[in-house]
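The exercises below are meant to be worked with the sequence and the coordinates side by side. Each one gives a task and then a solution in steps.

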Amino acid sequence: MIAESIYTTPEHELLRDQVARFLAREVEPHAAAWEEQGFVPREVLRRMGQAGLFGLMYEGRFGGGDADALTNLVFAEALSQSTFAGFIITVLVHTDMASPHLHHAGNEAQKEAYLSKVIAGELITAVGITEPGAGSDVAGIRASARLEGDEWVLNGTKMFITNGVQANLYFVAAKTGAGKRDMSMFIVEKGTPGFTVGRALKKTGWLSSDTAELIFDNVRIPAGNLLGEEGKGFYSVMKNFQTERIALAAMAVGHCTQAIRLTLDYVRQRQAFGGPLWNQQTIRQRISMLDAKTRAARAFMYHCAWRVTQGHDIVQDVSMLKALTGELVNEVVQTCQQFHGGMGFIRETAIERLWRDARVLGIGGGATEVMLEEVAKRY
């Protein structure tokens with residue numbers, strides 16, 4: 001098998017094929033029902049874990065793949081060829097946004113207790129950072145934790161938490177001091193007294209992804225559930241944002257490629273004005289330009305992942321990538337929906353679903369405006 005670029009290997013292409021087969025067999029024929037029920041069935045996630053698709057970058061002794069950031073990107077992009085973004089984000093929150101906190105900051109006892117089960121899909125994870133009054137401004141969180149004897153006591157509310165209803169294991173950010181960035185990360189298990197799901201949130205898109213408000217009311221957890229160093233949680237969150245934003249870029253690029261593919265198929269067979277829509281010059285040229293932009297963004301995305309493997313500081317690059325792809329996916333998908341005419345506005349068509357699902361990619365994981373400020377401050 002021939003690698004498709006300087007960044008990928010034949011092994012990467014085998015992984016891409018494996019994910020494509022999983023999507024074709026386990027996801028695309030069934031996910032419309034998951035949109036109605038509002039979450040991905042746990043048995044599907046367990047089968048992904050059993051297939052070795054969770055924890056690609058984690059330690060082999062816990063069942064991980066000991067892989068690098070490029071391999072992880074190949075997985076995220078392959079996963080993002082699904083037309084059901086609720087499924088995609090359910091998986092990527094588990095693999096790229098929540099469980100990395102355990103991988104990077106967990107001590108030996110914590111990893112022994114949880115990491116093998118996380119990789120196997122037996123435990124599904126969520127990360128609790130965003131609050132009603134603090135999203136991209138992580139330093140603005142108000143949830144707090146205080147040490148009482150050999151227990152931490154957590155209080156506060158988290159909002160817009162993906163996997164919030166269905167997860168078993170949560171990594172939660174809370175203030176542990178008076179300083180603006182004085183926060184820590186904690187491991188909280190579902191069922192801990194005082195920890196409740198306030199409500200499941202209804203969204204415009206990502207319908208097969210459960211999103212929730214989480215409430216912590218004098219939640220007592222063992223002192224050993226502190227994840228990483230006390231007071232260093234802000235920096236842990238900032239570090240993981242780079243992995244998270246590359247994954248979200250992969251979602252955006254995946255949506256772009258699928259929207260273009262669907263639209264090429266549609267305009268070639270849709271008859272209007274005496275022939276297929278493909279005969280209209282403006283449609284051919286606009287699709288060509290959107291494809292060019294998508295390919296350029298994809299190349300930049302792979303370059304960012306390669307720079308991670310080389311140990312570079314890529315905060316500016318990844319902030320650019322997140323801003324670029326979050327805006328591009330909305331341009332691409334909305335234009336492709338327009339070319340579908342009335343069918344593009346019919347619920348349950350793939351292009352309409354992509355249109356709904358794409359909107360949040362300019363908001364979640366760092367809004368475009370916040371990303372551009374991160375870029376500007378590093379010049």
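**Exercise 1.** In this predicted model, determine how helix 4 and helix 5 are oriented towards each other, and which residues make the contact.

*Solution.* Begin with the axes: those of helix 4 (residues 69-79) and helix 5 (residues 85-98) come within 10 Å, and they cross at roughly 165°. Since angles over 145 degrees count as roughly antiparallel, helix 4 is roughly antiparallel to helix 5. As for handedness, helix 4 passes helix 5 in a right-handed crossing. Finally, list the contact residues: helix 4 contributes Asn72, Phe75, Ala76 and Leu79, while helix 5 contributes Phe87, Ile88, Val91, Leu92, Thr95 and Asp96. It helps to recall that an α-helix has 3.6 residues a turn, so residues three or four places apart point the same way.

**Exercise 2.** Identify the residues that touch the most other members of the largest nonpolar core, and the helix that gives the most to this core.

*Solution.* The largest nonpolar core holds 96 residues, and within it Met48, Phe75, Leu79, Phe87, Leu92 and Met251 touch the most other members. Helix 8 (residues 233-269) gives the most to this core, with 18 residues. Next, take leucine 92 and set aside its neighbours within four places in sequence; what remains in contact with leucine 92 is Phe75, Ala76, Leu79, Ser80, Met97, Ala247 and Met251. A second core, separate from this one and made up of 19 residues, includes Ala143, Ala145, Leu154 and Val172.

**Exercise 3.** Describe helix 10, its span, its surroundings and its arrangement with helix 8.

*Solution.* Helix 10 (residues 315-339) has 25 residues, and the distance from its first C-alpha to its last is 36 Å, close to the 36 Å expected at 1.5 Å a residue. Of these 25 residues 19 are buried, so helix 10 is largely enclosed by the rest of the structure. Glycine 341, which follows helix 10, has a positive phi, near 60°. Turning to the partner, the axes of helix 8 and helix 10 come within 8 Å and cross at roughly 20°, and the two helices are therefore roughly parallel to each other. Helix 8 passes helix 10 in a left-handed crossing.

**Exercise 4.** Is histidine 303 buried, partly exposed or exposed, and what separation do its C-alpha and that of phenylalanine 186 have?

*Solution.* First locate histidine 303, which lies in helix 9 (residues 281-309). The relative accessible area of histidine 303 is 28%, so this residue is partly exposed. The C-alpha atoms of histidine 303 and phenylalanine 186 are separated by 33 Å, with the two residues 117 residues apart along the chain.

Technical notes
Residues numbered from 1 in each chain as written. Predicted model: local features only at pLDDT ≥ 70, side-chain atom pairs only at ≥ 80, totals over all residues. Heavy atoms only, no water. Core = buried A, V, L, I, M, F, W, Y, C linked by side-chain atoms within 4.5 Å. Buried < 20%, exposed > 50% of the residue type's maximum accessible area, 1.4 Å probe, protein only. Helix = DSSP H or I, 4+ residues; strand = E, 2+ residues; numbered from the N terminus. Contact = heavy atoms within 4.5 Å. Expected span 1.5 Å × (residues − 1). Axes fitted to C-alpha atoms, helices over the stretch in contact; angles between N-to-C directions. Parallel < 35°, antiparallel > 145°, perpendicular 65-115°, else oblique. Left-handed = near helix turned anticlockwise from the far one by under 90°.
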